[in-house]
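Trainee: Got a minute to go through a model with me? I'll pull it up now.

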Amino acid sequence: MAEPRQDGVIISETDIMFRCDGCSKSLVIEIAGAGMPVTCPDCGKELVVPELEVEEEEQPPQASDTPIGSELVHELSASKKHIQELRALVKELEKHRDSVERDHAENLMKVKLIAENVTTIHQAAENILHILQTPVKRKNAGHDRG
Ligand SMILES: [Zn+2]
């Protein structure tokens, strides 16, 4: 269903509707009259029935009309090249990942080693503290006057 517009509009299978330039009256004429001169029955002005440009826009594009075969081949080869590039990138990343994992393992070892040393230091510190807190037995036992 088409709505009336300023331009030519199909209102049925066989008719066009358009407006008179003179009196703005809606005129209906057979579709075969498109582009033909007519006289307005109301004001007598000579008009040209508008050509139709409607339906064609709404038709879906037909893929079979265009030679897309060669374009597809081109796209395909470009895609293949792209895939090769990506594969090379993946290999590089895998190599990088391996080295990172090695580093990670080494770092874990280091962290473990450091943790052990920290524990040792902690124990040593506690020992030192214990030694410091142990009252010194002096020969002349007595309180220091500070
Ligand atoms: Zn008219």
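Trainee: How many bridges join β1 to strand β2, and which way do the two run?

Mentor: Two bridges join them, and β1 and β2 (residues 15-19) run antiparallel. Strands here are DSSP runs of E with at least two residues, helices are runs of H or I with at least four, and both are numbered from the N terminus. Two strands pair if DSSP finds at least two bridges between them. Before we go on, this is a predicted model: local features need pLDDT of at least 70, side-chain atom pairs count only at pLDDT 80 or more, and totals for chains, interfaces and linings use all residues. Residues are numbered from 1 along each chain as its sequence is written.

Trainee: And what's between β1 and β2, what joins them?

Mentor: A hairpin, through four residues. I10 sits in β1, and its bridge partner in β2 is I16.

Trainee: Is I10 buried or exposed?

Mentor: In between: I10 has 16 other C-beta atoms within 10 Å, so it counts as partly exposed. Buried takes 20 or more other C-beta atoms within 10 Å of the residue's own, exposed means 12 or fewer, and partly exposed is in between, with C-beta atoms placed from the backbone. The C-alpha atom of I10 is also 7.7 Å from that of I31, which is 21 residues away along the chain.

Trainee: Where do the side chains of β2 point?

Mentor: They alternate. I16 and F18 are buried and point to one face, whereas D15, M17 and R19 point to the other and are not buried.

Trainee: What do I16 and F18 bridge to in β3?

Mentor: I16 has I29 as its partner, and F18 has L27. Five bridges join β2 to β3, again antiparallel.

Trainee: What's the strand order in the sheet, then?

Mentor: β1-β2-β3, an open sheet of three strands with antiparallel pairing. β1 (9-10) and β3 (26-30) stand at the edges with a single partner strand each, so one side of each has no neighbour in the sheet.

Trainee: How many residues of β3 are buried?

Mentor: Zero of its five, so β3 lies largely in the open.

Trainee: What about the turn between β2 and β3, how many residues are there?

Mentor: Six residues, in a hairpin. S24 lies in that loop, and its phi is near 60°, a positive value in a residue other than glycine. Most residues other than glycine have a negative phi. S24 counts as exposed because it has 10 C-beta neighbours inside 10 Å.

Trainee: Changing topic: what's in the whole chain?

Mentor: One helix and five strands, running β-β-β-β-β-α from the N terminus on. Of the 146 residues, 2% are buried.

Trainee: How does the span of helix α1 work out?

Mentor: Helix α1 (residues 69-133) has 65 residues, and at 1.5 Å a residue it should span 96 Å; its end C-alpha atoms are 91 Å apart, which agrees. The expected span is 1.5 Å times one less than the number of residues. α1 is hardly covered, with zero buried residues among its 65.

Trainee: Last one: what's the mean pLDDT of the chain?

Mentor: It's 82, and 79% of the residues reach 70 or more. pLDDT is the predictor's confidence in each residue, from 0 to 100. Among the elements, β1 has the lowest mean at 72, and strand β5 (residues 46-48) the highest at 92.

Trainee: Where is the pLDDT below 50?

Mentor: Over residues 1-5, a stretch that has eight contacts in the model beyond near neighbours in sequence. A contact means that the C-beta atoms of two residues, placed from the backbone, lie within 7 Å.
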